[in-house]
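This report walks through a structure with an eye to how its parts meet. Please look over the sequence and the model before reading on.

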Amino acid sequence: MEEKTYLEEVDRNIYDFKNKDDYDYKIKKGLTKEIVEEISRQKNDPDWMREIRLKALDIYNSLELPTWGPDLSVLDMDEIATYVRPKSKLNSSWEDVPEDIKDTFEKLGIPEAEKKSLAGVGAQYDSEVVYHSMKEDLIKQGVIYTDMETAVREYPDIVKEHFMKCVPVNDHKFVALHAAVWSGGSFVYVPKGVKLDFPLQSYFRLNSPESGQFEHTLIIVEEGASLHFIEGCSAPKYNKVNLHAGCVELYVKDNAYLRYSTIENWSKNMLNLNTKKAIIGKNAQVDWVSGSFGSKISMLYPMSILNGENAKTEYTGISFAGGGQNLDTGFKVIHNAPNTSSVINSKSISKNGGKCTYRSLVRIAENAKNSKSTVSCESLMLDDISVSDTIPVNDIRTDDVEFSHEATIGKLSDKAIFYLMSRGLTEEDAKAMIVRGFAYPISKELPIEYAVEMNNLINLELKGAIG
Amino acid sequence: MKKLLEINDLRVNAEEKEILKGINLTINKGEIHVIMGPNGSGKSTTANAIFNNPMYTTVGGNIVFDGEDITNLSTDEIARKGVFMSFQSPEEIPGITVTNFLKFAKNKVTGKPVKIFEFKDEIKKYMEELNMNPKYAERNLNVGFSGGEKKKNEILQMLVLNPKLVILDETDSGLDVDAIKTVSKGIEMFKNENNAVLIITHNTKILHNLKVDKVHVLVDGKIVKTGPQSLATEIEEEGYGKYKAGV
């Protein structure tokens, strides 16, 4: 008869392999002034960066945990090591990356994707970037793609002007934490008028248990330039909590274009408290594509600030929460200039008691006349024990706008399941087909290998798991 | 005559309400049967009950298909035995094209791999016969299709999946004359001496080009009269009045 096996965990196979916690240096757990100073010393920070860190620590200590959203009381900073230096320096050839680390990225398909479809790759393992490389012709055109530490050393003026300026240190408690202990991440500079035909991809892998990853991504796309940047992240599962508090700052100048795609597949012991913002100039556009599948708790709300006339932004996001996961995601947009537009498309799927919350802010300032904003969010719950919620905040300060908001929360349609089963599909196949169809408008926006992976993930998640 | 479908004293409830109150119906291979009846008489319930739709509860009787009791089989198992239903309101399924869906379903019902190039040619041929725009093969299943295109797409699926028994649940409703002719043509193409068709309908236009073996009049959950094709014409002219009175 019908077999109903509730899978506690999907077989995350390629993500869950663990390497030995074999580091070059791991700082002791906790968060004190001494620890922050030690990280700064270990990283050979210039004085100005050490000062930013120490000031940020004070701000961190003065701020409260958010009083809204998921309960973060499972996080105990005394149990987190904020800096883990892998047994590898930064390399520009995979041959030079130590075997076990290289093996990890090979399993994740990074070197292969680099050969096939990418213009450059960065790979971070725990707290440091172990590989960075970009195609020769882009270097000649003046494109810079390197790790943040190199950027601090070699382009201090650019970094000083932009670091923690788009996302201010006092934005919230975990931004302050990030600024105090940040390590790794990517720096991208695309000069005026340079358009990249292929994406750059940075991949962040956290292998070390009871630790955190705090990479900083700073991207500057100059006037009329164009870039597609992909970030991927994953970690094997441990019993104790891991923490990810990255920060992404995007500066997209007049007439420029940036597409920022993220696939997050953290293990289900991860707290993912990430902050991302873009400042967007005249006639410029930023498109965010975001897939959130992993983590125990996510609080992730990328933000576009439309500062120039005719600036545009689109957010396309999907989250998929299984049992024990609380994914609180969404988008924020500030319309700060006339004729700006934003399009938000969000979908979420929850099953086996998972919780998905869509949380958003749309602010249209008084001067942003003739602006447009379209919000659509759809949630699908696969059973009666899963939860879905929508919490939009709309702050419209001028009448001269077009604004629409649509939200639907639904369950799998019995009629559609019956229709598909009447064609010979099993219940499982029918449900997977409907869920893939629901996700399709988003998955088609993902980089192809991730779209395939997402469909596999849906199949895996649904296999025998629906009652 | 070889029996294909045998329904014995079938009693079916929908949400505790008794809809079918003892249906008996036998369809042999090679036959076309028609069920007619006023709204709410249980026509669609009969179709859904054959397919064991979980929205309905069978409280008595049984259904034998091709010598096997299928009363308690699941919908997909019944489909894989060779039963097909053309839906009154086909569901829209985003994210999968008509071709890919049919390839998936064909593989499920036959248990064999589908050769994609031959399969595409087959679909193309049928679409031409059904006056369907070939672009629909690459569109998402029923998404944004007009009522008529959805019904034609059901007939396309019938031809491709080639079942033993087809149930057409008001396939002709809401269609114009030309579209009804196309549907009739599809049934003619499908029909042979080894399969059978059960047409549930309100009107007789769909029957004009078909040789119907039996017409059943369903009123208030029971078959009150069975007759030849001429019975359909009689009902079209006179309505159900005299059968209703007899209930």
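How many residues does the contact take from chain B and from chain A? In this predicted model, the contact takes 20 residues from chain B and 17 residues from chain A. On the side of chain B that touches chain A, three helices of chain B, namely α2 (75-81), α3 (98-110) and α5 (147-161), each supply at least two residues. Of the elements there, α2(B) gives the most, with 4 residues. Sorted by class, this side of chain B has 12 nonpolar, 4 polar and 4 charged residues.

A second contact lies within chain A, which is divided into domain 1 (12-300) and domain 2 (413-467). The centres of domain 1 of chain A and domain 2 of chain A, taken over C-alpha atoms, are separated by 32 Å. Their contact takes 9 residues from domain 1 of chain A and 7 residues from domain 2 of chain A. On the side of domain 1 of chain A that touches domain 2 of chain A, the elements giving two or more residues are the strands β13 (257-265) and β15 (285-292) of chain A. That side of domain 1 of chain A has 6 nonpolar, 3 polar and no charged residues.

The two sides whose classes have been described can be set out in a table.

| Side | Nonpolar | Polar | Charged |
|---|---|---|---|
| Chain B, touching chain A | 12 residues | 4 residues | 4 residues |
| Domain 1 of chain A, touching domain 2 of chain A | 6 residues | 3 residues | no residues |

The next topic is the sheet of chain B. Strands of a sheet pair through backbone hydrogen bonds, either parallel or antiparallel. In chain B, 6 strands form an open sheet in the order β6-β7-β8-β3-β9-β10, and the pairing is mixed. The edge strands are β6 (83-86) and β10 (222-227) of chain B, each of which pairs on one side only, while the twist from one strand to the next averages 20°. Strand β9 (residues 214-219) of chain B pairs with β10(B) in the antiparallel sense over 5 bridges, and V215(B) stands opposite G227(B) in β10(B).

Which helix lies across β3, β6, β7, β8 and β9 of chain B? Helix α1 (residues 43-50) of chain B does so, running at about 145° to β7(B). Another helix, α5(B), packs on the sheet and touches β6 and β7 of chain B, with a direction that makes about 165° with that of β6(B). Helix α5(B) thus appears twice in this report, since α5 of chain B also supplies at least two residues to the side of chain B that touches chain A.

Notes:
Residues are numbered from 1 along each chain as its sequence is written. Chains are lettered from A and ligands numbered from 1 in the order in which they are written. This is a predicted model: local features need pLDDT of at least 70, side-chain atom pairs count only at pLDDT 80 or more; totals for chains, interfaces and linings use all residues. Domain bounds come from an automatic or database domain assignment. Two residues are in contact if their C-beta atoms, placed from the backbone, lie within 7 Å. Ala, Val, Leu, Ile, Met, Phe, Trp, Tyr, Cys and Pro count as nonpolar, Asp, Glu, Lys and Arg as charged, and the others, Gly among them, as polar. Two strands pair if DSSP finds at least two bridges between them. Axes are lines fitted to C-alpha atoms, for helices over the stretch in contact, and angles run from 0 to 180 degrees between N-to-C directions.
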